[in-house]
Amino acid sequence: MLVTNHVLAGAVLGAGPLAQRPARAFATGVVSHFVLDRVPHWGDERRSVFLVTAVCDGLAGLAAIALVARASNRQRPAVLLSALAGMAGGAFPDLDKPSTLFFGRSPFPARFDAFHGRIQRESPRRLPQEFVVAAALGAIVALLLRGSRRS
């Protein structure tokens, strides 16, 4: 699954009912990462395709973080903090990819990486699905943040 979708799912969890509980939002974001990795999603083992997509996806994920921060109610900083924690948790398990690329090793134990690899259900034909998921999650985040602005 694209990291942007993991980030947006974490924002949904953090900005939703877990608001004002950043530690729980982070932990729930991590759990959501593994749940989403079990859903059939895009993946391509060709290094050149993966790297180009990863750069674009990473930038989109950072943009999503910035947009959530910008859209958050400044009067309710706990919602923003919880949303940021959820986004960080959602992306956390994928730190193995840039770490392996830049440093030659994962920051996680081998058993963790093996588990994370085993649960993937990837296909190079599922990229359109990723965009649909991103749009849906983005809309949900927007609704949640709009609701927090009214509170």
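**Why these words? A chat about the helices**

Modeller: Let's start with one residue of this predicted model: Pro-107 touches Leu-95, Asp-96 and Ser-99, not counting residues up to four places away in sequence.

Colleague: What makes that a touch?

Modeller: Contact means heavy atoms within 4.5 Å. Seen from the other side, Ser-99 touches Gly-104, Arg-105, Ser-106 and Pro-107, with residues up to four places away in sequence again left out.

Colleague: Before we go on, what should I know about the model?

Modeller: The model is predicted, so local features need pLDDT of at least 70 and side-chain atom pairs count only at pLDDT 80 or more, while totals for chains, interfaces and linings use all residues. Residues are numbered from 1 along each chain as its sequence is written, and side-chain values use heavy atoms, leaving out hydrogens and water.

Colleague: Where is Pro-107, and is Pro-107 buried, partly exposed or exposed?

Modeller: Pro-107 is found in the loop between helix H5 (96-103) and H6. A helix here is a DSSP run of H or I with at least four residues, and a strand is a run of E with at least two, numbered from the N terminus. Buried means under 20% relative accessible area, exposed means over 50%, and partly exposed is in between (1.4 Å probe, protein chains only). Pro-107 has 46% relative accessibility, so Pro-107 is partly exposed.

Colleague: And how do you know which word fits Ser-99?

Modeller: Ser-99 lies in helix H5. Its relative accessibility is 14%, so Ser-99 counts as buried.

Colleague: What makes H1 "mostly covered"?

Modeller: In H1, 12 of the 13 residues are buried. Among them are Val-3, Thr-4, Asn-5 and His-6.

Colleague: How do you know that the length of H1 agrees with what is expected?

Modeller: The expected span is 1.5 Å times one less than the number of residues. For the 13 residues of H1 that should be 18 Å, and the end C-alpha atoms are 18 Å apart, so the two agree. Helix H4 (residues 77-91) passes too, because its 15 residues should span 21 Å and its end C-alpha atoms are 21 Å apart.

Colleague: Why is H1 called roughly parallel to H3?

Modeller: Axes are lines fitted to C-alpha atoms, for helices over the stretch in contact, and angles run from 0 to 180 degrees between N-to-C directions. Under 35 degrees counts as roughly parallel, over 145 as roughly antiparallel, 65 to 115 as roughly perpendicular, and the rest as oblique. The axes of H1 (residues 3-15) and H3 (residues 47-71) come within 8 Å and cross at roughly 20°. That makes H1 roughly parallel to H3.

Colleague: Which residues make that contact?

Modeller: H1 brings Val-3, Thr-4, Val-7, Leu-8 and Ala-11, and the residues from H3 include Asp-57, Gly-58 and Ala-60.

Colleague: Why are H1 and H2 called oblique?

Modeller: Those two helices pack at about 135°, with axes 9 Å apart. H1 and H2 are therefore oblique to each other.

Colleague: And what is the relation of H2 to H6?

Modeller: H2 (residues 22-38) and H6 (residues 110-118) pack at about 40°, with their axes 9 Å apart. That makes H2 oblique to H6. The contact involves His-33, Phe-34, Asp-37 and Arg-38 of H2 with Phe-112, Phe-115, His-116 and Arg-118 of H6.
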